[in-house]
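User: I am new to this structure and should like to understand the terms used to describe it. Please explain each term as it arises.

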Amino acid sequence: DFKLEQNYPNPFNPSTQIDYYLSESGVVRLVVLNLQGREIIRLSDESQATGYHSVSWDGKNSQGQTVSGGMYFCRLEVPGKRLTNKMLLLK
């Protein structure tokens with residue numbers, strides 16, 4: 001009913017594209033987390049329409065600072081459901 005595609009490219013440097021599909025409209029939260037599960041940046045937190053969507057992440061945190069290389073998680077959340085993918089940022 002909703003899908004989070006693997007980011008492309010992966011591994012990446014300096015940016016990556018995240019594609020996802022929504023089977024119904026509603027509030028969508030798309031966040032990047034570090035290995036400790038802390039939110040690095042919120043890429044989306046708004047109501048979105050049904051269909052395919054694409055977001056780019058430039059490897060920066062919510063303060064605009066470039067994050068270090070390593071493993072990160074991309075989490076897509078809709079009410080009552082969530083999907084998570086691994087992403088590898090190379091430096």
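Analyst: Rings of Phe, Tyr and Trp (its six-membered ring) pair if their centres lie within 6.5 Å; planes under 30 degrees apart count as stacked, over 60 as edge-to-face and the rest as tilted. A search of the whole structure finds three aromatic pairs. The model is predicted, so local features need pLDDT of at least 70 and side-chain atom pairs count only at pLDDT 80 or more, whereas totals for chains, interfaces and linings use all residues. Residues are numbered from 1 along each chain as its sequence is written, and side-chain values use heavy atoms, with hydrogens and water left out.

User: What makes Y21 and Y52 an aromatic pair that is tilted?

Analyst: The rings of Y21 and Y52 are 4.7 Å apart, centre to centre, with 50° between the planes. Y21 belongs to strand β2 and Y52 to strand β5, so the pair ties together parts that are 31 residues apart in sequence. Strands are DSSP runs of E with at least two residues, numbered from the N terminus.

User: Why is the pair of W57 and Y72 called edge-to-face?

Analyst: The ring centres of W57 and Y72 are 5.7 Å apart and the planes stand at 70°, so the pair is edge-to-face. W57 is in strand β5 and Y72 in strand β6 (residues 70-78), 15 residues apart. Ring pairs also link F12, W57 and Y72 into a cluster.

User: Why does Y21 count as buried, partly exposed or exposed?

Analyst: Buried means under 20% relative accessible area, exposed over 50%, and partly exposed in between (1.4 Å probe, protein chains only). Y21 has 26% relative accessibility, so Y21 counts as partly exposed. Y52, at 63%, counts as exposed. Both W57 and Y72 are buried.

User: Why is one side of β1 and of β5 left without a neighbour in the sheet?

Analyst: Three strands form an open, antiparallel sheet in the order β1-β2-β5. β1 (2-4) and β5 (51-57) stand at the edges with a single partner strand each, so one side of each has no neighbour in the sheet. Two strands pair if DSSP finds at least two bridges between them; β2 (residues 16-22) and β5 pair over seven bridges. Within this pairing, T16 stands opposite W57.

User: How do you know that S44 makes a polar contact with Q48?

Analyst: A polar contact is a pair of N or O atoms within 3.5 Å; within protein, one must be able to donate a hydrogen and the other to accept it, and residues adjacent in sequence count only if both atoms are side-chain atoms. The side chains of S44 and Q48 make such a contact at 2.7 Å. S44, found in strand β4 (residues 39-48), has 5% relative accessibility and therefore counts as buried.

Terms used: Helix = DSSP H or I, 4+ residues; strand = E, 2+ residues; numbered from the N terminus.
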